[in-house]
Amino acid sequence: MKYSLIIFDFDGTIADTNRVIINTMQAVIRELGLPARTDAECQSTIGLPLVAVPSVLFADTDLTPELYADTYRRLFDNYNTPDAVTLFEGVRETLMALHEAGCILTIASSRCVDSLKNYTVTLRMEGLFSYLLGAESVEHPKPNAEPVLKTLEHFGIPAEEALVVGDMTYDILMAQNAGVATCAVTYGNDTLSNLRSCNPDNIIDHFSDLLEIVK
């Protein structure tokens with residue numbers, strides 16, 4: 001295999017969480033009486049840690065990162081109903097094929113680790129991922145290189161043997177900052193023009209296309 005370690009983003013790459021995230025964000029805006037933001041504006045922040053959202057969307061208010069994050073987490077459960085989040089087409093089969101081929105599969109997400117663990121169970125991906133890294137796992141989140149560097153160090157694998165797969169520019173920049181190869185997926189939350197502006201090494205339209213890149 002070309003890469004021994006593959007580091008995946010979660011939201012918008014592995015699982016379609018778009019609607020539940022945006023619905024939660026809009027609920028936070030209503031409850032806290034924040035200025036209205038479009039779904040597209042909310043979507044543009046997916047992939048950032050919750051505490052980073054106020055500085056992007058509500059810099060003109062006195063909203064604190066802690067209040068936003070706490071309110072979001074509380075309201076998220078109202079929208080995270082059974083079947084609200086699904087895997088993108090071909091994800092489970094592709095992950096199983098990569099795992100069986102000997103690739104180490106990990107996740108580097110801005111979601112908390114407990115949430116990632118829960119989703120790996122509810123979405124029937126138990127045993128496929130060897131390492132789950134969440135927002136609380138690092139001091140400097142995406143697009144900083146720390147999530148990738150910490151994963152490489154954990155396994156003792158050099159950067160040239162790793163690949164980062166993500167749907168947002170934050171994922172691509174994180175990987176590039178760590179000197180790791182990149183693969184952008186076009187079906188997630190970012191625009192194709194934004195992804196292309198980062199010059200990823202690979203761009204795929206379907207998750208299963210990853211098999212051709214890795215082999």
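Here are some friendly notes on a predicted model, taking in one strand, one helix and one cavity.

1. **A strand covered on both sides.** Let's begin with strand β1, which runs over residues 5-8. In a regular strand, side chains point alternately to one face of the sheet and then the other. Here Leu5 and Ile7 lie on one side of β1, while Ile6 and Phe8 lie on the other. Are these four buried or exposed? They are all buried, and both faces of the strand are covered.

2. **The partners of β1.** Which strands pair with β1? One is strand β4, residues 104-108, joined to β1 in the parallel sense over 4 bridges. Another is strand β6, residues 162-166, whose pairing with β1 is also parallel and also has 4 bridges. To see this in the model, look at Ile7: it stands opposite Thr106 in β4, and its bridge partner in β6 is Val164.

3. **Helix α4 as a whole.** Now turn to α4, which covers residues 65-79. The helix has 15 residues, and the distance from its first C-alpha to its last is 21 Å. That is close to the 21 Å expected at 1.5 Å a residue.

4. **The buried residues of α4.** Which residues of this helix are buried? They are Tyr68, Ala69, Thr71, Tyr72, Leu75 and Phe76. The buried residues of α4 pack against three helices: α1 (18-32), α3 (53-57) and α6 (113-122).

5. **A look at Pro65.** Pro65 belongs to α4. Why is Pro65 called partly exposed? Its relative accessibility is 30%, and partly exposed is the class between buried, under 20%, and exposed, over 50%. Setting aside neighbours within four places in sequence, Pro65 makes contact with Val51 and Pro54. Val214 is another story: Pro65 and Val214 are 149 residues apart in sequence, and their C-alpha atoms are 39 Å apart in space.

6. **A cavity to find.** Rolling a probe the size of a water molecule over the atoms reveals where empty space remains. How many cavities of 30 Å³ or more does a search of the whole structure find? The search finds 1. The largest cavity holds about 50 Å³ of space.

7. **What lines the cavity.** Among the residues lining the largest cavity are Ala108, Ser109 and Ser110, along with Leu133, Gly134 and Ala135. The lining also includes Val138, Pro141, Lys142 and Pro147. Sorted by class, the lining has 6 nonpolar, 3 polar and 1 charged residues. Ala108 also links back to an earlier point, as strand β4 spans residues 104-108.

Methods. Residues are numbered from 1 along each chain as its sequence is written. This is a predicted model: local features need pLDDT of at least 70, side-chain atom pairs count only at pLDDT 80 or more; totals for chains, interfaces and linings use all residues. Side-chain values use heavy atoms; hydrogens and water are left out. Buried means under 20% relative accessible area, exposed over 50%, partly exposed in between (1.4 Å probe, protein chains only). Helices (H or I, at least four residues) and strands (E, at least two) are DSSP runs, numbered from the N terminus. Two strands pair if DSSP finds at least two bridges between them. Contact means heavy atoms within 4.5 Å. The expected span of a helix is 1.5 Å times one less than its number of residues. On a 1 Å grid over the protein atoms alone, a cavity is a set of points where a 1.4 Å probe fits but cannot get out, and a pocket is an open set with protein on both sides within 12 Å along at least five of seven lines; lining residues have an atom within 4 Å of a point. Grid points are joined across faces, edges and corners, and a volume is the space filled by probe spheres set on the points. Ala, Val, Leu, Ile, Met, Phe, Trp, Tyr, Cys and Pro count as nonpolar, Asp, Glu, Lys and Arg as charged, and the others, Gly among them, as polar.
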